[in-house]
Amino acid sequence: MKEGIHPDYKECKVTCACGNSFVTKSTEAELRLDVCSACHPFFTGQQKFINRGGRVEKFKNKYNID
Ligand SMILES: [Zn+2]
């Protein structure tokens, strides 16, 4: 057994703070991101969006975290 040399990649559900979610391959079963390809300034060109407040609150409300 050579554990660690070949990580166990599996389907990983990625959820972003912007509400976007997608499935990718990872050693983790689930991941949470602050930015993704849908909201990252590199892709959207909306640099101000990242610096604007309220994103976390919006995320909390969406998932009923209080
Ligand atoms: Zn996003």
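From the N terminus on, the elements of this predicted model run β-β-β-α-α-α, giving three helices and three strands in total. Helices (H or I, at least four residues) and strands (E, at least two) are DSSP runs, numbered from the N terminus. Residues are numbered from 1 along each chain as its sequence is written. In this predicted model local features need pLDDT of at least 70, side-chain atom pairs count only at pLDDT 80 or more, and totals for chains, interfaces and linings use all residues, while side-chain values use heavy atoms, with hydrogens and water left out.

**The whole chain**

Display the surface of the chain first. The accessible surface comes to about 5,600 Å², and carbon and sulfur atoms hold 50% of that area; accessible areas come from the Shrake-Rupley method with a 1.4 Å probe, and for residues only the protein chains shown count as cover. Of the 66 residues, 15% count as buried, where buried means under 20% relative accessible area, exposed over 50%, and partly exposed in between (1.4 Å probe, protein chains only). Among the contacts with a separation of 6 or more, 10% join residues 24 or more positions apart; contact means heavy atoms within 4.5 Å.

**The strands**

Select strand β1 (residues 10-16) together with β2 (residues 21-26). These strands pair in the antiparallel sense over six bridges; two strands pair if DSSP finds at least two bridges between them. Lys13 can serve as a landmark, with Val23 as its bridge partner in β2. The hairpin of β1 and β2 has four residues between the strands, and there Gly19 takes a positive phi near 105 degrees.

Add β3 (30-33) to the selection. β3 pairs with β1 in the parallel sense over four bridges, and the partner of Cys16 in this pairing is Leu33.

Next, select Thr15, which is in strand β1. Thr15 is buried, with a relative accessible area of 6%. Beyond its neighbours within four places in sequence, Thr15 is in contact with Asn20, Ser21, Leu31, Arg32, Leu33 and Tyr63.

Move to Ser26 in strand β2. This residue is also buried, at a relative accessible area of 12%. The side chain of Ser26 reaches the backbone nitrogen of Glu28 at 3.0 Å, a polar contact being a pair of N or O atoms within 3.5 Å; within protein, one must be able to donate a hydrogen and the other to accept it, and residues adjacent in sequence count only if both atoms are side-chain atoms. Not counting residues up to four places away in sequence, Ser26 touches Asp8, Tyr9, Lys10, Cys12 and Leu31.

**The zinc site**

Centre the view on the zinc ion. Its protein donors are Cys16 (SG), Cys18 (SG), Cys36 (SG) and Cys39 (SG), lying 2.3 Å from the ion. Donors are N, O and S atoms within 2.8 Å of the metal (3.2 Å for Na, K and Ca); water is not among the atoms, so sites may look incomplete. The angles among the four donor atoms are 104 to 118 degrees, and the site is tetrahedral, a label given to four donors if all angles lie between 85 and 135 degrees. The donor residues are spaced C-x1-C-x17-C-x2-C in sequence. Cys16 lies in β1 and Cys36 in the loop between β3 and α1 (41-44), so the pair ties together parts that are 20 residues apart in sequence. Both Cys16 and Cys36 are buried.

Finish at Cys39, in the loop between β3 and α1. Cys39 counts as buried at 5% relative accessibility. Its C-alpha atom and that of Gly19, 20 residues apart along the chain, are separated by 9.5 Å.

How values were computed
Tetrahedral: all angles 85-135°; square planar, octahedral: opposite > 155°, others 65-115°.
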